[in-house]
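Let's take a walk through this protein together, one stop at a time. Have a look at the picture first, and then we'll start with a pair of charged residues.

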Amino acid sequence: MRRPGRLIAALAVALLCAPGTFVRTTTGARTDVAVVTVTPLVADGAGLSGPLRPTGLWELTSAHGWFGGFSALVAGGITPTGATLITGSDRGWLLTLNLAGDAPSAVPGSFHFVGQRGRGRGEVVDLEALARDPSTGTLWAAFENANLVQRTAADGRSTARHPREISDWSANSGPETMERLADGRFVMLAEGADDNGMADRPALLFPGDPLAPGAPPPLAFRFASSADYDPVDAALLPDGKLLILLRQVKYTVPAQFDTAIALADPADIRSGQQWESRIFQRLAGPVYGENFEGIAFVASAADPARGSIWLIADDNFSVFQRSLLLRFGWEGDPATAAAAR
């Protein structure tokens, strides 16, 4: 979809979600402590197509005025009680989830604001992607509307800049996907196609930290996405391949969403060429037809080649949508890879 069309579509979605936005008015202060409730839901196979089967589904709710809008997900650190997830919202907040036990739980006090202060009273808050270095705990966040990347060290010190290579990416369809590879390189994908009439998306492969001063320029390529789906997040698998989360919006009242998961190999990225991916899983229907925007892989402590694939849904702060957390088991099954060929 060309940029004017995407703008009209974005306005349509905003209007469709507006009734829920007015109902869910912001209350309280940012300094309020968020009490998060995690409610288990029934996760069956209806609406799923592909080899993955759900092993858990939960809804996240809180009375905190800024809770919701989760659009990014990444595996967090390993605590004494087990693994964690970090999710980011498009209002510029982070939340840490403890995965110990049969059900996830919100880490008390972890919901906090990380957006950047802009000009005057403005702020950079449209957080759409997260990446993390598991060895240092450093966290990178991509803010779509400003085309900005922020790096936060484990001690809380942060820095941010606007990489010039994404300065002309659309404000509404910019760096929606960012993932750090095991060797320290970064893959970054634009959500929307540009004005060249092509269905593929601008994409970059940074040789290292996107904020590193004096670093060589990134390699530019194209992500060959379906014209019906936009890339919205990615997760690194133990074998070095990437899971790419894809989303399709249906402009109905209220808006409906279809989701797909694709597999792609960073080793196939070439300068100026299309990077191919293969869809192997689809989600739709009354249970899974939500606005899933974040994906992460959490390795099993017993066997790092296996683990869980997690998805999180952005509720757009609307009464029509939910903040869902969905878990699939991942066995490193060759049949899954075969389905993606």
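Keep in mind as we go that this is a predicted model. Our starting point is Arg222, which is buried, and so is Asp200. These two form a salt bridge, with their closest N and O atoms 3.0 Å apart. Arg222 sits in strand S18 (residues 219-223), while Asp200 is in the loop between strand S16 (186-190) and strand S17 (201-206), so the salt bridge ties together parts that are 22 residues apart in sequence.

That brings us to S17 itself. Six of the six residues of S17 are buried, so this strand is largely enclosed by the rest of the structure. In a regular strand the side chains alternate between the two faces of the sheet. Here both faces are covered: Arg201, Ala203 and Leu205 are buried on one side, and Pro202, Leu204 and Phe206 are buried on the other.

Who are the neighbours of S17? With S16, S17 pairs in the antiparallel sense over four bridges, and Phe186 stands opposite Phe206 of S17. S18 also runs antiparallel to S17, and five bridges join the two. Our old friend Arg222 turns up again here, as the bridge partner of Pro202.

Back to charges for a moment. Side chains of opposite charge can pair when their charged atoms come close. The structure holds 15 salt bridges. One of them joins the side chains of Arg180 and Asp133, at 3.5 Å from N to O. This pair links distant parts of the chain, 47 residues apart: Arg180 belongs to strand S15 (residues 175-180), and Asp133 to the loop between strand S11 (127-132) and S12. Are these two partners buried or exposed? Arg180 counts as buried because its relative accessibility is 16%, and Asp133 counts as buried because its relative accessibility is 9%.

Another salt bridge brings Arg322 and Glu290 together, with the closest N and O atoms 2.9 Å apart. It, too, links distant parts of the chain, this time 32 residues apart: Arg322 is in the loop between S25 and S26, and Glu290 is in the loop between helix H2 (285-288) and strand S24 (292-299). Arg322 is partly exposed, with a relative accessible area of 24%, whereas Glu290 counts as buried at 7%. There's also a little network to look for: Glu191, Arg247 and Glu293 are joined by salt bridges that share partners.

Now for a sheet. Five strands form an open sheet in the order S2-S23-S21-S20-S19, with antiparallel pairing. Strand S2 (48-49) and strand S19 (230-236) stand at the edges with a single partner strand each, so one side of each has no neighbour in the sheet. Further in, strand S21 (residues 256-264) and strand S23 (residues 278-283) pair in the antiparallel sense over five bridges; Thr259 has Leu283 of S23 as its bridge partner.

Our last stop is the backbone. Most residues other than glycine have a negative phi. Asn147 is not a glycine, yet has a positive phi of about 50°. You'll find Asn147 in the loop between strand S12 (139-143) and strand S13 (148-152), and it is buried, with a relative accessible area of 5%. Phe317 also has a positive phi, of about 55°, without being a glycine. Phe317 lies in the loop between strand S25 (307-313) and strand S26 (324-330) and is buried, with a relative accessible area of 8%.

Note on methods: Residues numbered from 1 in each chain as written. Predicted model: local features only at pLDDT ≥ 70, side-chain atom pairs only at ≥ 80, totals over all residues. Heavy atoms only, no water. Pairing = 2+ DSSP bridges. Buried < 20%, exposed > 50% of the residue type's maximum accessible area, 1.4 Å probe, protein only. Salt bridge = Lys/Arg side-chain N within 4 Å of Asp/Glu carboxyl O.
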